[in-house]
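Biologist: I would be grateful for a close look at one part of this model, the largest pocket and what surrounds it. Please set it in the context of the whole chain and explain each step of the reasoning.

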Amino acid sequence: MKTTEAREALLEPARKSDSEKRGRKASKETRQFQLIEATIDSLAKRGYSETTMADVADGAGLSRGIVNFHFESKEKLLVATLQYMYDEYSAHWRSALQKAGDDPARQLQALVAADFDRSICNKRKLAAWCAFWGEAKSRPKYQALSSARDAVYQNIFIDLCAALKQSGFYAYEPQVMALALSAMLDGLWLHLMMGTEDTTRETALQAANGFLSAAFPKHYPKSAASGAKPA
């Protein structure tokens, strides 16, 4: 009994140390999440060039020293924010793809619908995306991050368009059709970001489903495609 108690006494400091480490890690992750969310808010409100570390600190309700401690510079904070947004977007479309099952037609329609889900497609995040897109040409880090993620997503579209071509005996080239599909989705996001009166998430999804009906008529009858609603 005494031996067991002695062993427990020896292990107790190690357990406390592990607990403290987990606490510090959770606190760090929480702070970084708060700062990234505040950065998205500032990008949406002020734009890229007008966003400052002070704005982010104030928006997160934290001290400016905390921002510097976690990210050191505005550039590192913005890179982390872009990384976070891409990770969120990637997890979102991958989840939609998995839930759609193995049928390529259902998978493609699920990916299109996922682009207009409220958690991803809202004015705040669309404005932040546009802020980054405006800077990507002159910032190699943004280009590298965007290119790698976009290539994976685009290849999924190419593969699905190739599968639909084979089963539907369509005449298009899969790469060309996948590019047209991506451009259409990007264009609808821009319309939503600009606040065009006749463009809502609902009408944007209807337009996207209309594109599917026109491009893949054997897989998406107009009546079936138009019935989907964004989450």
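Modeller: The secondary structure of this predicted model consists of ten helices and zero strands. Along the sequence the pattern therefore reads α-α-α-α-α-α-α-α-α-α, given how helices and strands are assigned. The chain has 231 residues, of which 39% count as buried.

The largest pocket encloses about 480 Å³ of space. Helix 4, helix 6, helix 7 (140-168) and helix 8 (174-194) are the elements that each give two or more residues to its lining. The lining of this pocket comprises 21 residues, and those nearest the centre are Tyr86, Tyr89, Asp150, Tyr153 and Asp186. Helix 7 makes the greatest contribution to the pocket lining, with seven residues. By class, twelve of the lining residues are nonpolar, four are polar and five are charged.

Several of the central residues recur in the aromatic network. The rule for ring pairs gives a count of 14 aromatic pairs. One of them is formed by Tyr170 and Tyr172, whose rings are 5.6 Å apart centre to centre, with 20° between the planes. This pair is classed as stacked because its planes are under 30 degrees apart. Tyr170 has a relative accessibility of 12%, so it counts as buried. Tyr172, at 13%, is likewise buried. A cluster of linked ring pairs contains Tyr86, Tyr89, Trp93, Trp129, Trp133, Tyr153, Phe157 and Trp189. Of these names, Tyr86, Tyr89 and Tyr153 also appear among the residues nearest the centre of the largest pocket.

An enclosed space also belongs to this picture. The model has one cavity of 30 Å³ or more, and the volume of the largest cavity is about 40 Å³. Its lining is made of Met85, Glu88, Tyr89, Ile120, Lys125 and Trp129. Tyr89 thus links the two spaces in the description, being named in the cavity lining and among the residues nearest the pocket centre. Helix 4 (74-99) and helix 6 (123-136) each provide at least two residues of the cavity lining. The most comes from helix 4, which gives three residues. Four residues of the cavity lining are nonpolar, none is polar and two are charged.

The approach to helix 4 deserves its own account. Glu72 is found in the loop between helix 3 and helix 4, and its phi is near 70°, a positive value in a residue other than glycine. Most residues other than glycine have a negative phi. Glu72 has a relative accessible area of 56%, which means that it is exposed, the cut-off being over 50%. Ser73 lies in the loop between helix 3 (64-71) and helix 4. At a relative accessible area of 27%, Ser73 is partly exposed, because this value falls between the 20% and 50% limits. Ser73 and Thr52 are separated by 21 residues in sequence, while their C-alpha atoms are 9.8 Å apart in space. The charged end of Lys74 sits over the ring of Tyr48, at 5.4 Å from the ring centre.

A comparable backbone feature occurs in the loop between helix 7 and helix 8, where Phe169 is found. Phe169 is not a glycine, yet its phi is positive, at about 55°. With a relative accessibility of 70%, Phe169 counts as exposed. A positive phi of about 70° is also taken by Gly61, just after helix 2.

Two further helices complete the context. Helix 2 (residues 53-60) is mostly covered, with six of its eight residues buried. The buried residues of helix 2 are Met53, Ala54, Asp55, Val56, Ala57 and Ala60. In helix 9, the buried residues are Arg201, Ala204, Leu205, Ala208, Asn209, Leu212, Ser213 and Ala215. An α-helix has 3.6 residues a turn, so residues three or four places apart point the same way. The length of helix 9 (residues 201-215) can also be checked: at 1.5 Å a residue, its 15 residues should span 21 Å, and its end C-alpha atoms are 21 Å apart, so the two values agree.

Key. Residues numbered from 1 in each chain as written. Predicted model: local features only at pLDDT ≥ 70, side-chain atom pairs only at ≥ 80, totals over all residues. Heavy atoms only, no water. 1 Å grid on protein atoms, 1.4 Å probe; cavity = no way out; pocket = protein on both sides within 12 Å on 5 of 7 lines; lining within 4 Å. Points joined across faces, edges and corners; volume = space filled by probe spheres on them. Helix = DSSP H or I, 4+ residues; strand = E, 2+ residues; numbered from the N terminus. Nonpolar A, V, L, I, M, F, W, Y, C, P; charged D, E, K, R; others polar. Expected span 1.5 Å × (residues − 1). Buried < 20%, exposed > 50% of the residue type's maximum accessible area, 1.4 Å probe, protein only. Phe/Tyr/Trp six-rings, centres within 6.5 Å; stacked < 30°, edge-to-face > 60°. Lys NZ or Arg CZ within 6 Å of the ring centre and 35° of its normal.
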